[in-house]
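Trainee: I would like a close look at one part of this model, the place where the two protein chains meet. Please keep the answer in one piece.

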There are 2 protein chains.
Amino acid sequence: MPRSRSLSLNDIATAALQVIDGEGLAALSMRSTAAILGIGTMSLYRYVVDRDALERLVVDHVLAAVDTDATSREPWDQKLARQAECVRLAVGAHPAIVPLLVRHRHTSQGVKRFAEAFLRTLAEGGFNGQHRAIALRTLVSYLSGALQAQHLGPLDGPGTEAMATLPPDEYPLLAATAQAAQDISPDEEFRRGLGIVLRGLAHEPR
Amino acid sequence: MPRSRSLSLNDIATAALQVIDGEGLAALSMRSTAAILGIGTMSLYRYVVDRDALERLVVDHVLAAVDTDATSREPWDQKLARQAECVRLAVGAHPAIVPLLVRHRHTSQGVKRFAEAFLRTLAEGGFNGQHRAIALRTLVSYLSGALQAQHLGPLDGPGTEAMATLPPDEYPLLAATAQAAQDISPDEEFRRGLGIVLRGLAHEPR
DNA sequence: ATCGTAGGAGTACAGTGTACTCTTACAAGA
DNA sequence: TCTTGTAAGAGTACACTGTACTCCTACGAT
């Protein structure tokens, strides 16, 4: 009976993402998002009940890009690797959302979608019951930790480069290791770390 | 020449931690911390330049509890497991700080301390150069991800219990797996996840 | 043409971090 | 013992946040 909505949830998520990508996650606010949409601040509350809901919208919008239909015939571990890369790729397009991803991973539709996909592949690999549960959590924990290390790591503080110049008498190994790590690209670091986890899974009872 | 400080950095960290433990991380503010210390809000800035610095103080204070002298004669993987448990224990005493831990892991003294300890053990295990770097990062990524999953996971949303009651037609595996996961204690989950990573490391070239 | 419903705008308030400006306490030098 | 320089600490003020609450207004069904 009343007037129809002029904005879609997708519009809103896109606007919020525009703020985040352009001015950083800290700049995300109800006001800044509403401004981009060309509506009043409070009008935004007609679409989302909360700031939290707005953030959830952003997370799901980004995660919508992960491809979850894995119908290929690869071995399970290769398939898992590809699926994880897929998540990394989607998140890598908007690195600043990583903290949001972490905060809303239990309430996000997108997270559930790719968790289900992971589980499907684990099931193919013969994982069942508790073993499958542990495998998923371990995988997700690594994924989440690695994404953070990579994307929000360099932000606060100079990151690895600074570690390489630490006082070697106090942190001898840390300094040396950071030096060695400088030649490793983020891609390679992620892939090899994931490889370690997957190799661990391969030797796991199931 | 001038008057001497009436508060130590330890006092400040303790006060902030008291706020966090008592009223949650969200309640941490310059005002609330200063109130506990019995000083004016701005007086706090005589001790810390920033809110960030205050948070760093808290992180280091909590991480000071991790025991880093691992002079035992266990095999390297068992020692790593014990060291990781040590971190988990220290953080577990103040679960609400996990987000702070993540945000400041590059600038925190405490993080560097136990990273160095990890590296020492990895070196004992024969890891060198890039292999050691990758091993450390993978370990830390898992550790960070797992701590978050455990401590701030249940906070937003009902967590795993809710997942177990998901629509099984939409997320069949997720629902089933969540059900299986309910019998796993956080302790066991962490230990087994860590075991997977360590087993992966054991099969890694070095 | 009318009316009810919901969309959108505006104001206001409590809370945040912190810049800036005081006043005040104190240890060293005379 | 008195003076003085310096830093400790208090207070005010401002820009910013999320959002409760109230108003006006556009529009689809009758």
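Trainee: Which residue of chain B comes closest to the rotation axis?

Mentor: G200(B) comes closest, with its C-alpha 1.8 Å from the axis. Some ground rules come before the rest. The model is predicted, so local features need pLDDT of at least 70 and side-chain atom pairs count only at pLDDT 80 or more, while totals for chains, interfaces and linings use all residues. Residues are numbered from 1 along each chain as its sequence is written, chains are lettered from A, and ligands are numbered from 1, in the order in which they are written.

The axis itself comes from superposing the copies by least squares on the C-alpha atoms of residues with pLDDT of at least 70 in both. A turn of 180° and a shift of 0.0 Å along the axis lay chain B on chain A with an RMSD of 0.1 Å. The two copies are therefore related as by a two-fold rotation axis. Both copies use the same surface, since 98% of the contact residues of chain B recur in chain A. Here, contact means that the C-beta atoms of two residues, placed from the backbone, lie within 7 Å.

Chain B puts 48 residues into the contact and chain A puts in 47. On the side of chain B that touches chain A, the elements giving two or more residues are α5 (98–103), α6 (109–124), α7 (129–151), α9 (172–181) and α10 (186–202) of chain B. Helices are DSSP runs (H or I, at least four residues), strands are E runs of at least two, and both are numbered from the N terminus. The largest share on that side, 15 residues, is from α7(B). By class, the side divides into 19 nonpolar, 17 polar and twelve charged residues; Ala, Val, Leu, Ile, Met, Phe, Trp, Tyr, Cys and Pro count as nonpolar, Asp, Glu, Lys and Arg as charged, and the others, Gly among them, as polar.

As for the partner, chain A has ten helices and zero strands. Its C-alpha atoms fill a box of roughly 65 × 50 × 25 Å along the principal axes. Of its 206 residues, 42% count as buried, that is, with 20 or more other C-beta atoms within 10 Å of their own (exposed is 12 or fewer, partly exposed in between, and C-beta atoms are placed from the backbone). Among the contacts in chain A with a separation of 6 or more, 66% join residues 24 or more positions apart.

The DNA shows both chains again. Strand C is surrounded by 23 residues, the closest being P2(A), G40(A), M42(A), S43(A) and S29(B). For strand D there are 23 residues too, and the closest are S29(A), P2(B), G40(B), M42(B) and S43(B). A residue is near a strand if its C-beta atom, placed from the backbone, lies within 6 Å of it. Helix α2 (residues 30–37) of chain B gives the largest share near strand C, three residues; near strand D, α2 (residues 30–37) of chain A gives the most, also three.

In chain B, D11(B), I12(B), A15(B), A16(B), Q18(B) and V19(B) in α1(B) meet S32(B), T33(B), I36(B) and L37(B) in α2(B). That contact has six nonpolar residues, three polar and one charged.
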